[in-house]
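I opened this entry to look up the sheet, what covers it, and one loop. My notes follow in the order I checked things.

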Amino acid sequence: MVKSLASSLFVFACLFLSGCEKDWGVDQHGREITTDHLQGRWLLINYWAEWCGPCRTEIPELNALADAEEGLEVLGVNFDELRGEDLVQASEALGIRFRVLTDDPAERLQLPRSEVLPVTYLVDEKGAVRERLVGEQTAEGILAHLSRLRGE
């Protein structure tokens, strides 16, 4: 009986822990980005750098999407892996209003290291990477990609 109970508890613990995904870390302002918050949402993950001209041009388009598009979470990732105050200053200098991850999600999403910037990934509500967009994007263009992907 005790052995059976121990086995049942072990199986329950394994099932419970397998359902708990690690959170995404914090954003440039130190706010936690939880898996629960992102659950069931499409993600737009954009890699940028201060020295990247097309990145600078693209930021207002991403800000517009972050402000207006329901069901889409826009997340930035600094290509140069800036952290702390350096990340805050770089984000502010570019006028970024969306959340910027301090931890690169490349391993979590199995993303390759890009040779060019900007690069944007569209991730569906189940966590699958659906599209890789290389180069400067517009809000209109991204919405067209999302519409096509959501309709598949």
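I take two strands as paired if DSSP finds at least two bridges between them. The model is a predicted one.

Sheet order. I looked up the strand order first and found an open sheet of five strands, β3-β2-β1-β4-β5, with mixed pairing. I noted β3 (99–101) and β5 (129–134) as the edge strands, each pairing on one side only. From one strand to the next, the twist averages 25°.

Pairings. I then went through the bridges. Strand β2, residues 72–78, pairs with β3 in the parallel sense over three bridges. For a register check I took L75, whose bridge partner in β3 is R99. Between β1 and β4 I found five bridges in the antiparallel sense, and L43 has V123 as its bridge partner in β4. β4 and β5 also run antiparallel and are joined by five bridges. There I noted R132 in β5 as the bridge partner of Y121.

Helices on the sheet. Next I checked which helices lie across the strands. Helix α3 (residues 53–68) lies across β1 (42–48), β2 and β4 (119–123), and I read its angle to β1 as about 160°. Helix α6 (residues 139–151) lies across β1, β2, β4 and β5, at about 155° to β5.

Burial of β4. Is β4 mostly covered or mostly open? I found it mostly covered, with five of its five residues buried. In a regular strand the side chains alternate between the two faces of the sheet. I sorted the residues of β4 by side and got V119, Y121 and V123 on one, T120 and L122 on the other, all buried, so that both faces of β4 are covered.

The β4–β5 loop. I followed the chain from β4 into β5 and found a hairpin with five residues between the two strands. In the turn, G127 has a positive phi of about 95°. I also looked up D124, which is found in the loop between β4 and β5. Why does D124 count as buried? Its relative accessibility is 8%, and buried means under 20%, so D124 qualifies.

Surroundings of D124. I listed the contacts of D124, not counting residues up to four places away in sequence, and it touches R41, W42 and R130. Within the loop, the side chain of D124 reaches the backbone nitrogen of K126 at 2.9 Å.

How values were computed:
Residues are numbered from 1 along each chain as its sequence is written. This is a predicted model: local features need pLDDT of at least 70, side-chain atom pairs count only at pLDDT 80 or more; totals for chains, interfaces and linings use all residues. Side-chain values use heavy atoms; hydrogens and water are left out. Helices (H or I, at least four residues) and strands (E, at least two) are DSSP runs, numbered from the N terminus. Axes are lines fitted to C-alpha atoms, for helices over the stretch in contact, and angles run from 0 to 180 degrees between N-to-C directions. Contact means heavy atoms within 4.5 Å. Buried means under 20% relative accessible area, exposed over 50%, partly exposed in between (1.4 Å probe, protein chains only). A polar contact is a pair of N or O atoms within 3.5 Å; within protein, one must be able to donate a hydrogen and the other to accept it, and residues adjacent in sequence count only if both atoms are side-chain atoms.
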